[in-house]
Amino acid sequence: MESGMGRLKGKVAIITGAAQGMGASHARRFVAEGARVVLSDLNEAGGAALADELGRSALFVRHDVTRAQDWTQVVERTEAAFGPPTVLVNNAGVLGPIARTSDISEEDYLKVCAINQTSVFLGMKAVIPSMLKAGVGSIVNISSIAGIVANYGFPSLAYVGSKFAVRGMSKATAIEYGPNNIRVNSVHPGFIRTPMMAEATDEEGGDALVQIPLRRIADPAEVSNLVLFLASDEASYITGAEHVVDAGMTAQ
């Protein structure tokens with residue numbers, strides 16, 4: 001792994017949904033910048049391969065983000081391998097089925113909210129005690145522009161509702177733990193070139209590009225730049241805020 005500038009030197013991070021897409025991009029950048037990183041995902045093959053690529057600074061742990069017991073194990077594995085986590089990136093998420101409010105099933109609604117919203121609560125609850133011990137922490141919760149606006153044909157009420165919830169949960173926790181030197185911010189990506197995005201739209205362009213002022217879909221690394229900044233000490237006075245990386249979509 002090519003060495004970076006050491007902007008995360010001494011940091012211990014947990015990144016969920018790290019086996020592919022934005023999560024994998026964040027993990028690569030974090031390790032390049034000096035962090036030791038626990039990669040969490042249900043995708044064992046992808047997660048293990050990435051950990052192997054990243055070397056001794058990375059550890060893969062199979063993790064269902066909707067299970068409190070799994071979160072306890074992830075934190076325990078992190079502390080045993082690298083020490084108390086000082087950075088948490090709640091990146092795992094799903095789009096869920098395309099459905100109108102009157103048509104979405106209760107089962108699908110609850111599943112989307114469990115992965116996109118409840119997991120963020122469980123992650124913060126599990127990691128904050130370690131951050132309190134360390135005396136410092138940065139939590140970066142990945143939401144979406146669907147947590148800012150609801151006018152881009154997002155899959156369902158469940159997706160939009162869960163992403164708005166992440167925004168509010170981040171603000172509430174930032175206020176609560178600011179006195180403990182723990183910062184919490186939400187990141188709201190627009191259209192990013194990931195496997196999940198490919199399932200939802202024509203990632204080569206088409207109708208999606210018309211909605212984007214910059215007329216292109218982003219590379220995951222462009223989101224990682226922001227996540228890296230928020231995790232680093234460069235963002236030491238930034239908390240309780242939503243950070244949009246969407247090429248101007250929410251400006252319309």
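Colleague: Is Arg7 buried, exposed or partly exposed?

Modeller: This is a predicted model, and the class rests on relative accessible area, where partly exposed runs between the buried limit of 20% and the exposed limit of 50%. Arg7 has a relative accessibility of 28%. That value makes Arg7 partly exposed.

Colleague: Which residue forms a salt bridge with Arg7?

Modeller: The closest N and O atoms of the pair are 2.7 Å apart, and a salt bridge needs them within 4 Å. The partner counts as partly exposed, at 44% relative accessibility. The residue that bridges to Arg7 is Glu234.

Colleague: How many residues apart in sequence are the parts that Glu234 and Arg7 tie together?

Modeller: Glu234 sits in the loop between α8 and β7. Arg7 belongs to the segment before β1, so their bridge joins parts whose separation in sequence is 227 residues.

Colleague: Which helices do Glu79 and Lys133 lie in?

Modeller: These two side chains meet in a salt bridge, 3.2 Å from N to O. Glu79 is partly exposed at 27%, whereas Lys133 is exposed at 60%. The pair ties together parts that are 54 residues apart in sequence, because Glu79 lies in helix α3 and Lys133 in helix α4.

Colleague: Arg67 forms a salt bridge with Asp70; is Asp70 buried or exposed?

Modeller: The closest N and O atoms of this pair are 3.3 Å apart. Arg67 is partly exposed, with a relative accessible area of 39%. Asp70 has a relative accessible area of 11%, and under 20% the class is buried.

Colleague: How many residues does α8 supply to the largest nonpolar core?

Modeller: This core has 32 residues, and those with the most contacts inside it include Phe30, Val37 and Val187. Several elements, among them β1, α1, β2 and α8, each supply at least two of its residues. The largest share comes from α8, with 6 residues.

Colleague: Which residues of the stretch from Val140 to Ser144 does Val187 touch?

Modeller: Leaving aside residues up to four places away in sequence, Val187 touches Val223, Leu226, Val227 and Leu230, among others. His243 and Val245 are also among its contacts. From the stretch you name, Val187 touches Val140, Asn141, Ile142, Ser143 and Ser144.

Colleague: How are the rings of Tyr152 and Phe154 arranged?

Modeller: Tyr152 is buried at 12%, and Phe154 is buried at 17%. Their ring centres are 6.3 Å apart and their planes stand at 70°. An angle over 60 degrees sets the class, so this pair is edge-to-face.

Colleague: Which residue joins Tyr152 and Phe154 in one aromatic cluster?

Modeller: Phe154 takes part in an aromatic pair that is tilted, with 6.1 Å from centre to centre and 35° between the planes. Its partner there is buried, as is Phe154. The residue that completes the cluster with Tyr152 and Phe154 is Tyr159.

Colleague: Where is Arg215, which has a positive phi although it is not a glycine?

Modeller: Most residues other than glycine have a negative phi. Arg215 has a positive phi of about 60° and is partly exposed, with a relative accessible area of 48%. Arg215 is found in the loop between α7 and α8.

Colleague: Which segment does Ala247 lie in?

Modeller: Ala247 has a positive phi too, near 60°. Ala247 is partly exposed, with a relative accessible area of 28%. Ala247 lies in the segment after β7.

Technical notes: Residues are numbered from 1 along each chain as its sequence is written. This is a predicted model: local features need pLDDT of at least 70, side-chain atom pairs count only at pLDDT 80 or more; totals for chains, interfaces and linings use all residues. Side-chain values use heavy atoms; hydrogens and water are left out. Rings of Phe, Tyr and Trp (its six-membered ring) pair if their centres lie within 6.5 Å; planes under 30 degrees apart count as stacked, over 60 as edge-to-face and the rest as tilted. Buried means under 20% relative accessible area, exposed over 50%, partly exposed in between (1.4 Å probe, protein chains only). Helices (H or I, at least four residues) and strands (E, at least two) are DSSP runs, numbered from the N terminus. A nonpolar core is a set of buried Ala, Val, Leu, Ile, Met, Phe, Trp, Tyr and Cys residues joined through side-chain atoms within 4.5 Å. Contact means heavy atoms within 4.5 Å.
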